[in-house]
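Q: Please take me on a close look at the inside of this protein. I'd like to see how it is packed and where there is room left over.

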Amino acid sequence: MAKMKWLTRPNLPEGTAALCAVSGQGEFAVRFLRERGIEVLKISSSPILHAPCASHPDMRMCYLGEGRILADGDELARLLRERGLGASVPGRRPQGVYPGDAVLNVLLLGKKLFCRTGSPKGPGAAEEILRFAEERGMSVHSVRQGYTRCSVCVVSENAVITADPSIGMAAERVGLDVLEIQPGHISLPGYEYGFIGGCTGLLGPGMLGICGSLETHPDGGRMADFVRAHGARILTIPTPDGSLWDIGGIVPLAESC
């Protein structure tokens, strides 16, 4: 087995991804990655979350970097510990109704944290994530969208794609290059549509995995140009019908070394 090390920074592998977390509902992606020598940690469904996204990694876990991870329950935490990760469960676990289901669905990008920080209408990011950001000297940027991570395709530390205006504005304010696309045109059975971050994940520096063809999205050409402009190439992961599929993202945990 090839040697691997935990990603230092969430979502930003510095080498080729060696281990990724993927929804058990995304079997096509699991097969594709394994055929290319990438180990896959299949995430099973939570009995708490709504069925269409109950096994989505961006709902059930939050990778903090350097082998540290938050999981939504004891069973998943145990599975992650068996793989060598330092896993813990937050004091406020995800619940079945938005925004309570999204307490782990945050975007950690370099020294920045984008998340819903809470309001009288419901909870925001888990307190453990906010404390982690404070301990690491990260800047925290509040957005209205609770499903922050699944709403953002990370192209690089300095470039993102999103259909959410509040995330786009927050990212632009801190100097990120943002491509804002129109919502919809992404499959997520059980919902009207899914999110672009849920289709994607960096599999190495400059290598963006995408579940489905960008050609099926009205802004597909713009997205392809944007990715290339930032020095990345696209690895298309075929979906059952060819369209973009939201499977809760492809979450790189370890990279080859």
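A: Here's a walk through the packed interior, then the empty spaces, and finally a few charged pairs.

Keep in mind that this is a predicted model, where local features need pLDDT of at least 70 and side-chain atom pairs count only at pLDDT 80 or more, while totals for chains, interfaces and linings use all residues. Residues are numbered from 1 along each chain as its sequence is written, and side-chain values use heavy atoms, with hydrogens and water left out.

Start with helix H5, residues 165–173 (helices are DSSP runs of H or I with at least four residues, strands are E runs of at least two, and both are numbered from the N terminus). Ser 166, Ile 167, Gly 168, Ala 170 and Ala 171 of H5 are buried (under 20% relative accessible area; exposed is over 50%, and partly exposed is in between, using a 1.4 Å probe and protein chains only). Their cover includes strands E8 (112–115), E10 (152–156), E11 (159–162) and E12 (177–180). Just past the helix, Gly 175 takes a positive phi of about 90°.

Now zoom out to the largest nonpolar core, which has 32 residues (a core is a set of buried Ala, Val, Leu, Ile, Met, Phe, Trp, Tyr and Cys residues joined through side-chain atoms within 4.5 Å). H5 is one of the elements giving two or more residues to this core, and so are E10, E11, E12, strand E7 (107–109), strand E14 (207–211) and helix H6 (220–229). Val 155 and Ile 161 have the most contacts inside it. Setting aside neighbours within four places in sequence, Val 155 is in contact (heavy atoms within 4.5 Å) with Val 160, Ile 161, Leu 202, Phe 226, Val 227, His 230 and Ala 232. Apart from this core lies another, of 18 residues, including Met 207 and Trp 245.

What about the gaps? Rolling a probe the size of a water molecule over the atoms shows where empty space is left. The structure holds four cavities of 30 Å³ or more (sets of points on a 1 Å grid over the protein atoms alone where a 1.4 Å probe fits but cannot get out, with lining residues having an atom within 4 Å of a point; points join across faces, edges and corners, and volume is the space filled by probe spheres set on them). The largest is about 150 Å³. It has 14 lining residues, and Asn 11, Met 61, Cys 62, Tyr 63 and Arg 149 are the closest to its centre. Strand E4 (61–65) gives the most to this lining, with three residues.

The second largest cavity, of about 60 Å³, is lined by residues including Asn 11, Arg 149, Val 154 and Leu 202. Strand E13 (200–204) gives the most there, with three residues.

Last stop: the charged pairs. The structure holds 11 salt bridges (a side-chain nitrogen of Lys or Arg within 4 Å of a carboxyl oxygen of Asp or Glu). In one of them, Arg 9 meets Glu 157 at 2.6 Å, N to O. Arg 9 sits in the loop between strands E1 (4–6) and E2 (17–23) and Glu 157 in the loop between E10 and E11, so the pair ties together parts 148 residues apart in sequence. Both ends are partly exposed, Arg 9 at 28% relative accessible area and Glu 157 at 30%. Arg 222 also pairs with Asp 219, at 3.2 Å between the closest N and O atoms; here Arg 222 is partly exposed at 40%, while Asp 219 counts as buried at 8%.

Conventions: 1 Å grid on protein atoms, 1.4 Å probe; cavity = no way out; pocket = protein on both sides within 12 Å on 5 of 7 lines; lining within 4 Å.
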